[in-house]
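Please open the model in your viewer and keep the sequence panel visible, as the stops below are given as selections to make in turn.

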Amino acid sequence: MEECKIKNLYTLENTIAKPLLEKYTYPWEVLPNISDFIIELGKKLPKEEYDLIDENIWISKKAKITKSAYIKGPAIICEDAEIRHCAFIRGNAIVGKNTVVGNSTELKNCILFDNVQVPHYNYVGDSILGYKSHMGAGSIMSNVKSDKKLVIIKNKITGEQIETKIKKVGAMIGDYVEIGCGSVLNPGTIIGKNTNIYPLSSVRGVIPQNSIYKNEKNIITRADINNIKS
């Protein structure tokens, strides 16, 4: 599925994790390798720019970390990132430049590209968030199926599917994606670039780029909207 490939979801120049991501075709293939990548990259980060505050935890000297935040390694917090009150970073997390991790937001085994915002009561587990993507308040990424089976990526439009062979896969959301407040992204959700998800949505499967997702049966492309207006 072309729309699920890393090259079609993300602009890799906008993340410190580019050397890891460019090794793989699909984003979920990256998940088992985030921890080792952080440890190896962390050792190479310039000491004049990053502090090693604890075992395998590297934080930019220009990042803003609230005292009430909890950070477990391996983790890299990049330049001008803001980690707010009671944020909970459970390890294996890369937080990009100018990214906001907000009040009571929890991160685990994930990559946040530069300028991502997860500012209010969000859960991001086993997921990758593209450049300038934003999660509305209370939106979460579910990373384990209720039957505990391995996650399968499904495109309901084309009927295609890919077996990830992984039990824990959250959501892979492309650059400039907007997730509405209170939404749930089910395991294995893929959202293409420049797509908006309506508030209170339950999303699963592959959602095309340049779309507006109102519900499972009502996905409008921006091209359709432009045609209606014209």
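**A strand and its partners**

Select I94 and then I111 in β10, its bridge partner. This is a predicted model, in which local features need pLDDT of at least 70 and side-chain atom pairs count only at pLDDT 80 or more, while totals for chains, interfaces and linings use all residues. Residues are numbered from 1 along each chain as its sequence is written, and side-chain values use heavy atoms, with hydrogens and water left out.

Next, select β10 as a whole, residues 106-112 (strands are DSSP E runs of at least two residues, numbered from the N terminus); six of its seven residues are buried, that is, under 20% relative accessible area with a 1.4 Å probe and protein chains only. Adding β8 (residues 93-95) shows a parallel pairing with β10 through three bridges, where pairing requires that DSSP finds at least two bridges between the strands. On adding β12 (residues 123-129), you will find that six bridges join this strand to β10, again in parallel, and that C110 has S127 as its bridge partner there.

Now select L107, which, leaving aside neighbours within four places in sequence, is in contact (heavy atoms within 4.5 Å) with residues including F88, V101, V118 and V124.

Finally, move to K165 in the loop between β16 (161-163) and β17 (171-173); K165 counts as exposed because its relative accessibility is 67%, exposed meaning over 50%. Measure from its C-alpha atom to that of W28, and the separation should be 9.8 Å, although the two residues lie 137 residues apart along the chain.

Conventions: Helix = DSSP H or I, 4+ residues; strand = E, 2+ residues; numbered from the N terminus.
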